[in-house]
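Here are some notes for a colleague opening this structure, arranged as numbered points. Please read them beside the sequence and the model.

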Amino acid sequence: MHRPSLVGLKLPLLREGAGLAIAGAIDGRDARLELDPGRVLSLISPGCFETPPSYGATVQVEELDRRTKPLPMVMVSGLSIRQLSIPPFEAGMRGGSNRCALALGDDVLGPYALDLNLQEGTVTFLASGSLKESPVRVALSRTLTFDWPLLPVHFVQGSRELVVPVLFSLRAHRTTLFASVADASAFQNDGTQVPLSQIAVSSELRRGPAMAAVVMRTNPGPAGGVLGLDFWGRSHFVVDLGTRSIAVLVTDLGEPDHSAQQLLDELQRNPQPDAEDPPEPRDPPN
């Protein structure tokens, strides 16, 4: 079935709730459409259905901690974005909210590049591969055994440095480091957050001082954390999973996090005991 193109459509980003989302409707019911291109399979909440839907096959979906999660498949019909009606497609049923929320994954967003202007608060749908030039371009990667978009990020805390692949996400507000990674790097932290002198994605994209949350993960797999929306500030960038790249058009990462500097100073005055020697410094990713 032919699916109408969203190319050229410019929409405001919703300001409430987690992550980046746009407004839509499912069978006339208001729906929050979350932009989650890193996820292979779109997910829908029970609140989008007036009566319980008929379930199809159950699929095993890999989560960030490498564990698989069984999700029943349901048919999504009656979805509209502005005046465009989207033909029916299958999505996984997630639990929880009575609100209608649909996380649009790579199965729906794959043909598009998302032009995200965080200063303006808008998203424009472009054809994947259509943006040829940009001042800064960052490569995304996926592995054969881990189907999430990753990018190398350089974390610095004083003389301690770490370059580790992290998950690129449009849903996470806060940048996080998994506790096992933070501990192995000898980064000092207060158990819930780690203050950083700098977070760098490239030589042009550096933010600091900055704070990252510390999250317990028993098996983080190839990802050492998550790069959240707090890193991007008010910048303007294009996410294109078709070309596995992020093209940054306007770099505006916002003001330094003064609370991070205060915690850095406090940890320097009262260092943690038995800290391991830091790894050798490495150059930031290009």
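1. Two strands are taken as paired if DSSP finds at least two bridges between them, and strands (E, at least two residues) and helices (H or I, at least four residues) are DSSP runs numbered from the N terminus. The model is predicted, with local features needing pLDDT of at least 70, side-chain atom pairs counting only at pLDDT 80 or more, and totals for chains, interfaces and linings using all residues. Residues are numbered from 1 along each chain as its sequence is written, and side-chain values use heavy atoms, with hydrogens and water left out.

2. Strands β6 (residues 68-76) and β9 (residues 89-93) run antiparallel and are joined by four bridges; within this pair, M73 of β6 stands opposite G92 in β9.

3. This pair belongs to an open sheet of nine strands with mixed pairing, in the order β5-β6-β9-β4-β10-β3-β2-β7-β8. Because β5 (58-62) and β8 (84-86) stand at the edges, each with a single partner strand, one side of each is left without a neighbour in the sheet.

4. Some backbone details deserve a look, given that most residues other than glycine have a negative phi, and most peptide bonds are trans. The bond joining G208 and P209 is cis, with omega about -5 degrees, and P209 is found in the loop between β20 (206-207) and β21 (210-215).

5. A186, in the loop between α2 (179-184) and β18 (193-196), has a positive phi near 65 degrees, and R244, in the loop between β23 (236-240) and β24 (245-250), has a positive phi of about 55 degrees. With buried meaning under 20% relative accessible area, exposed over 50% and partly exposed in between (1.4 Å probe, protein chains only), A186 is buried at 9%, whereas R244 is partly exposed at 45%.
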